[in-house]
Amino acid sequence: MILALDCATKTGWCLWSNGKIVESGTEDFSKQRGESNGMMFLRFRIWLTKMLLRSITLVVYELAHHRGGAATEICVNLTGRVQEMCSELKIEYTTVHSNTLKKWATGCGHADKGEMMVRAGIELGRKPIDDNEADAVLMAKWASEKYK
């Protein structure tokens, strides 16, 4: 089974198996009042561990972009935890650049969030919760096709 992750404060995720979506959604790791980023990363690690114990054979996540500031720090730290946990559990992982995913999904490497949501909605059979879930759904299908 493939686990696709769009790592961010609101992480999109999708479980994919046998050519279809098993389950997908978003998880909110926003800091609570008075918390450090470390608490967000700890909650992410606990959640990720539970996900990885669901017979996952491949994890795919979006390559972190250097946007600068807090967004980059959060994304890089979350993806570092993905690498750490996959290594500990001996699960293969890979990345995809957002432009590569957009070009694969829509034919345009600079597609906007709306276009990606429409494309993911086709796979889901419903409107995605948000762009995070949409990206995760499309990453899962991309990985399924690329790594069969």
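pLDDT is the predictor's confidence in each residue, on a scale from 0 to 100. You'll want that here, since this is a predicted model: local features need pLDDT of at least 70, side-chain atom pairs count only at pLDDT 80 or more, and totals for chains, interfaces and linings use all residues. Residues are numbered from 1 along each chain as its sequence is written, and side-chain values use heavy atoms, with hydrogens and water left out.

**View 1. Confidence along the chain.** The chain has a mean pLDDT of 94, and 99% of its residues reach 70 or more. Helices (H or I, at least four residues) and strands (E, at least two) are DSSP runs, numbered from the N terminus. Among these elements, strand β1 (residues 2-6) has the highest mean pLDDT, 98, while helix α2 (residues 69-89) has the lowest, 90.

**View 2. The open sheet.** Strands of a sheet pair through backbone hydrogen bonds, either parallel or antiparallel. Two strands count as paired if DSSP finds at least two bridges between them. Here five strands line up in the order β3-β2-β1-β4-β5, and the pairing is mixed. β3 (20-28) and β5 (92-96) stand at the edges with a single partner strand each, so one side of each has no neighbour in the sheet. Over at the β5 edge, strand β4 (residues 58-62) pairs with β5 in the parallel sense over five bridges. Look for E62, which stands opposite V96 in β5.

**View 3. Strand β1, wrapped up.** Buried means under 20% relative accessible area, exposed means over 50%, and partly exposed is in between (1.4 Å probe, protein chains only). Five of the five residues of β1 are buried, so this strand is largely enclosed by the rest of the structure. In a regular strand the side chains alternate between the two faces of the sheet. Both faces of β1 are covered, with I2, A4 and D6 buried on one side and L3 and L5 buried on the other. β1 pairs with β2 in the antiparallel sense over five bridges, and the two form a hairpin with three residues between them. L3 has L15 in β2 as its bridge partner. With β4, β1 pairs in the parallel sense over four bridges, and I2 is matched with L58 there.

**View 4. Cysteines without a bond.** A disulfide is counted when two cysteine sulfur atoms are within 2.5 Å. Searching the whole structure turns up zero disulfides. The closest cysteine sulfur to that of C75 belongs to C7, and at 6.3 Å it is too far for a bond. C75 is buried, at 7% relative accessible area, whereas C108 is partly exposed at 33%.

**View 5. Salt bridges.** A salt bridge is a side-chain nitrogen of Lys or Arg within 4 Å of a carboxyl oxygen of Asp or Glu. By that rule there are eight. In one of them, the side chains of R54 and E23 meet at 2.8 Å, N to O. R54 sits in the loop between α1 (37-52) and β4, and E23 in strand β3, so the pair ties together parts that are 31 residues apart in sequence. K113 and D131 form another, with their closest N and O atoms 3.5 Å apart. K113 is in helix α4 (residues 113-124) and D131 in helix α5 (residues 131-147), so this pair links parts 18 residues apart in sequence. Within helix α4, E123 and R119 meet at 2.9 Å, N to O. They are four residues apart, about one helical turn. Finally, R45, E84 and E88 are linked in a salt-bridge network.
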